[in-house]
Amino acid sequence: MQRFLALLLFCLSMSTLGVAHAETAWWQADWKYRKPITLDAGPNGAALGGNLGRTPVLIRLHTGNFAFDGVAEGGNDLRFIGADGHTVLNHQVEQYDAALGMALIWVDLPALSGTAPQTVWMYYGNPGAPAAGNGQRVFDPDYSAVYHFADSGTEARDTTAYVNPLGGEFKSADGAIIGRGAQLSGTPLHLPGSPSLAIAAGAPMTFSAWIKPGQLGPDQAIYTRREGEDVFIVGLDNGVPYVRVNQQRSQPVPALKAGQWAHLAVTAADGAVVLHVGGREAVRIEARLPAFAGEALLGGDAAPAAAAGAVAIAPAVPVAQPFLGDIDEVRVSKVARPATLLLADASAQGAESRLVAFGEDEQSAGVSHFGFILKAMPVDAWVVVIVLGLMLLLSWAIMIAKSRYFGTVAKANEAFTAQYKQVVGAPVATLQERDRSGVISAQIRDNATLWRLYRIAMDEMDGRGSHHHGLTAAAITSIRASMDAEVTRETERMSKRMNWLSTTIEGAPYIGLFGTVIGIMLVFAVAAMAGAVDINSVAPGMAAALLCTAAGLGVAIPALFGYNWLASRAEAIAADMSVFVDEFTARLAEEFDRSAPAADARPVQA
């Protein structure tokens, strides 16, 4: 039995170890397909040179990396899950056209490592799933405005939670660097003077955009803010990018080419304004931004309006010319974005991105909902389940062993009782004589507790020479005491290890509840740190945590039924033994009373 238990424990430990180290769990059974997406910002990938932290990453799907089969209309069933297999990542569908075989999706990565690749999973294949894309969750609150220009009309919606409308008309430009862009032909677009876009004196900020100059010219303004005599301009001068803060203008850098897309970004922080071209620092000026509370212009410049009745005065910095060309993915932030993030935008948003790599699509193998819960279980839940599994294994081993023992004893006692009834009225030594003649079976001799009581009584009588002298009341009492002692010892043997069953009944539910409480605490803690508190992000972890309680009950309930059944069988065997002791000692008192002749009391043994 000990070897059997050791083998079962080994098998259990190996099976749980295998499950714990299984491949990434399938997120939910309702989604039939998934696609691994590897993000590598390290030397073998985009080589961004450092960790990026929270980053909106563009996932560009086309017929070369995705078949678009099985996806719900409009990509409503697309879901992106983190490397842990259960954290739902926020996403926004900028454009989805299955007929053209093209999709542009922004995914919010809570932490993008710059050293090791990480894999996220794109799930699809659930026609009944509602749309879950939300740009307000993809871009962190420090983005004041983000314009994708994804709509086919002449309006551009701010995808952040601030919803800053972009005023003015433009022509939609298909085939931009990211889907659609805006074609500017001399009329600037207006960003409102909202609190979210206001800049305090010396405050940090970031402006970034993809531009494709169509017609190069002198002093073209891409992004402008003016207020009184203060001015801030990001522009091109015959293709040379520059940044101006009042009278300070950056030194010339290599010029951009007409008809080619380029990524421009300007950051302001710590008394320096830095111009980035293609994600890398190109030039900087030592200056602090003035305060701006009014509107900003995109693709042009304009002198500030004079107050009513005042004489218009030419501004100290001449008004720049409008930008002629296409523009896409305009972002304004109220913080200075790190250089690694700007490099990631410039290198990963283009068509030749080395940051994102796609794996082969996988299909669900029909795993049950219960199987998904098992795969979603964290390490702490597995520890609790393993402990409960050991308790289950031991309790079942005890119940099986006890059941076999009680069954063997009951059958042997039943056979003994049949033999005993055959000699009712005959001397008590008759069964002993039958044993010598081979009538008593080995089953009775080896397993019947009633036979052991009979042998104890007969040995006591042989030692006392009862066949010559008979038995006194004290001798019969002594024989009864010896038989009662055997009843007590047998009762102890039957109750051995039964206390483990009672411990399992009382302790397993509490252990399961402990695992549930710890699991729920971790689910909410992880959800809070990841910034994802929707039902899809917490439900798998909650279900896995509740599985600990279910496992505790699953261990305790069979143990409860088994304990009650085994206890009733043990009581029945003990009751049979007690009844036999009473009956047998009564026969001894009747047969070996000293008032009868000794020779008649019991035959002389051969």
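## Exercises on a predicted model

N238 is placed in the loop that runs between β14 (230–237) and β15 (240–245). The structure is a predicted model, and the exercises below work through several of its local features.

**Exercise 1. Describe the backbone and the exposure of N238, then treat V163 in the same manner.**

Solution. Begin with the backbone: N238 is not a glycine, and yet its phi is positive, at about 55 degrees. The background to this step is that most residues other than glycine have a negative phi. Next take the surface: the relative accessible area of N238 is 45%, so this residue is partly exposed, since that class lies between 20% and 50%. Turning to V163, one finds a positive phi near 50 degrees, again in a residue other than glycine. V163 belongs to the loop between β8 (143–147) and β9 (171–176), and with a relative accessible area of 49% it is partly exposed.

**Exercise 2. Classify the aromatic pair Y147 and F149, and then the pair F416 and W451.**

Solution. The model holds 22 aromatic pairs in total. For Y147 and F149, the ring centres are 6.5 Å apart and the planes stand at 40 degrees, so this pair is tilted; both residues are buried. For F416 and W451, the centre-to-centre separation is 6.2 Å and the angle between the planes is 70 degrees, which makes the pair edge-to-face. The next step is to locate the partners: because F416 is in helix α5 (residues 379–422) and W451 in helix α8 (residues 449–464), their pairing ties together parts that are 35 residues apart in sequence. F416 has a relative accessibility of 1% and is therefore buried, and W451, at 4%, is buried as well. Finally, F416 and W451 belong to one aromatic cluster together with Y420, Y454, F580 and F584.

**Exercise 3. Which charged residues lie over the rings of Y242 and Y143?**

Solution. Over the face of Y242 lies R249, at 3.9 Å from the ring centre. Over the ring of Y143 sits the charged end of R337, 3.8 Å from the centre of that ring.

**Exercise 4. Work out the surroundings of R226, starting from its place in the fold.**

Solution. R226 lies in strand β13 (residues 220–227). Its relative accessibility is 12%, and because this is under the 20% cut-off, R226 counts as buried. Now look for polar partners: the side chains of R226 and D301 are joined by a polar contact of 2.9 Å, while a polar atom of the R226 side chain lies 3.0 Å from the backbone oxygen of V317. Beyond four places in sequence, the residues touched by R226 include V231, I233, F292, P304, P315 and A320.

**Exercise 5. Which residues have the most contacts inside the largest nonpolar core?**

Solution. This core has 43 residues, and those with the most contacts inside it are F149, F207, Y223, F232, L298 and I327. Taking F207 as the worked case and leaving aside neighbours within four places in sequence, its contacts include Y223, L298, I222, V234, L264 and V332.

**Exercise 6. Where should the coordinates not be read in detail?**

Solution. The average pLDDT is 85, and 87% of the residues score at least 70. Over residues 1–22, however, the pLDDT is below 50, and this stretch has 10 contacts beyond near neighbours in sequence. Residues 595–606 also stay under 50, with 18 contacts beyond four places in sequence. Where pLDDT is low, predicted coordinates should not be read in detail.

Note on methods. Residues are numbered from 1 along each chain as its sequence is written. This is a predicted model: local features need pLDDT of at least 70, side-chain atom pairs count only at pLDDT 80 or more; totals for chains, interfaces and linings use all residues. Side-chain values use heavy atoms; hydrogens and water are left out. Rings of Phe, Tyr and Trp (its six-membered ring) pair if their centres lie within 6.5 Å; planes under 30 degrees apart count as stacked, over 60 as edge-to-face and the rest as tilted. Buried means under 20% relative accessible area, exposed over 50%, partly exposed in between (1.4 Å probe, protein chains only). Helices (H or I, at least four residues) and strands (E, at least two) are DSSP runs, numbered from the N terminus. A charge sits over a ring if NZ of Lys or CZ of Arg is within 6 Å of the ring centre and within 35 degrees of the ring normal. A nonpolar core is a set of buried Ala, Val, Leu, Ile, Met, Phe, Trp, Tyr and Cys residues joined through side-chain atoms within 4.5 Å. Contact means heavy atoms within 4.5 Å. pLDDT is the predictor's confidence in each residue, from 0 to 100. A polar contact is a pair of N or O atoms within 3.5 Å; within protein, one must be able to donate a hydrogen and the other to accept it, and residues adjacent in sequence count only if both atoms are side-chain atoms.
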